[in-house]
Amino acid sequence: MFLEVFSGTAHLTSALHEQGVPGLPDIEVSKGAKFDLLRREVQGVILRLINEGIITYVHLGTPCTVFSRARHNLKNFRKARLKEQQGVALALFTARVVLALRQRWLSQNPVFRCSPSQLGEVKVESSRSLA
């Protein structure tokens with residue numbers, strides 16, 4: 001089963017559905033709290049479905065605004081720090097999905113394209129920071 005995460009307009013989900021590819025509803029925070037990946041329970045549902053073999057392929061459009069080179073001239077540092085914390089939390093969730101799926105994922109943002117050895121490093125770091 002396919003899942004598009006951080007889907008925006010969900011064009012990929014729609015196109016795959018039209019082609020008969022089995023998939024779940026796309027995940028985008030603008031659809032409501034049930035789709036907010038900053039909530040641990042929402043992350044947990046997705047990871048459980050991956051671990052149970054229900055979700056077999058994921059496309060991730062993880063927000064890259066806090067990692068962008070275009071990010072400069074910040075004026076409200078409190079707001080910027082909150083966005084950074086949220087961005088890191090979403091990046092760590094992305095790493096967990098990637099680790100769970102191994103080779104069955106695609107990210108539209110280059111910051112998440114790394115080798116399996118680099119992903120192992122992310123896993124170690126994320127477990128320390130969440131302990």
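Contact here means heavy atoms within 4.5 Å. Keep that in mind for the exercises below, and remember that the model is predicted.

**Exercise 1. Work out where Gln43 sits, whether it is buried or exposed, and what it touches.**

Step one: find the element. Gln43 belongs to helix H2.

Step two: check the accessibility. Buried means under 20% relative accessible area. Gln43 comes in at 6%, so it counts as buried.

Step three: list the partners, skipping residues up to four places away in sequence. Gln43 then touches Leu37, Leu38, Ala89, Phe93 and Arg96.

**Exercise 2. Describe helix H2: its span, its buried face and what covers that face.**

Start with the length. H2 covers residues 40-51, which makes 12 residues, and its first and last C-alpha atoms are 16 Å apart, close to the 16 Å expected at 1.5 Å a residue.

Next, sort the side chains. Val42, Gln43, Ile46, Leu47, Leu49 and Ile50 are the buried ones in H2. Looking down the axis of H2, you'd find these buried residues within an arc of 160°, so they line one face of the helix. Arg40 and Asn51 are exposed on the other side.

Now ask what does the covering. The buried residues of H2 have E1, E2 and helix H3 (77-101) among their cover.

Finally, look past the end of the helix. Gly53 follows H2 and has a positive phi, near 80°.

**Exercise 3. Do the span check for H3, then pick out its buried residues.**

The arithmetic first: at 1.5 Å a residue, the 25 residues of H3 should span 36 Å, and the end C-alpha atoms are indeed 36 Å apart, so the two agree.

Then the burial. The list for H3 reads Ala80, Gly87, Leu90, Ala91, Leu92, Phe93, Thr94, Ala95, Arg96, Val97, Val98 and Leu101. Two names here, Phe93 and Arg96, should ring a bell from the partners of Gln43.

One last thing: right after H3, Arg102 has a positive phi of about 60°.

**Exercise 4. Find the aromatic pair, classify its geometry and say which parts it ties together.**

Count first: the structure holds 1 aromatic pair. The partners are Phe2 and Tyr57, with 5.9 Å centre to centre and 20° between the planes. Planes under 30 degrees apart count as stacked, so that is the label for Phe2 and Tyr57.

Now place the rings. Phe2 is in strand E1 (residues 2-5) and Tyr57 is in strand E2 (residues 57-60), so the pair ties together parts that are 55 residues apart in sequence.

Compare the burial too. Phe2 has 5% relative accessibility and counts as buried, whereas Tyr57, at 31%, counts as partly exposed.

While you're on rings, have a look at Phe35: Lys31 lies over its face, at 4.6 Å from the ring centre.

**Exercise 5. Zoom out: give the element order, then look at contacts and surface.**

The protein has 4 helices and 3 strands, and from the N terminus on they run β-α-α-β-α-β-α.

For contacts, take those between residues at least 6 apart in sequence: 58% of them join residues at least 24 apart. For a C-alpha example of sequence distance against space, try Gly61 and Ser107, which are 46 residues apart in sequence and 5.9 Å apart in space. Gly61 sits in the loop between E2 and H3 and, at 11% relative accessibility, counts as buried.

For the surface, the protein exposes about 8400 Å², with carbon and sulfur atoms supplying 57% of it. Of its 131 residues, 34% count as buried.

Technical notes
Residues numbered from 1 in each chain as written. Predicted model: local features only at pLDDT ≥ 70, side-chain atom pairs only at ≥ 80, totals over all residues. Heavy atoms only, no water. Phe/Tyr/Trp six-rings, centres within 6.5 Å; stacked < 30°, edge-to-face > 60°. Helix = DSSP H or I, 4+ residues; strand = E, 2+ residues; numbered from the N terminus. Buried < 20%, exposed > 50% of the residue type's maximum accessible area, 1.4 Å probe, protein only. Lys NZ or Arg CZ within 6 Å of the ring centre and 35° of its normal. Expected span 1.5 Å × (residues − 1). Arc of directions from axis to C-beta. Areas by Shrake-Rupley, 256 points an atom, 1.4 Å probe, with all protein chains shown as cover.
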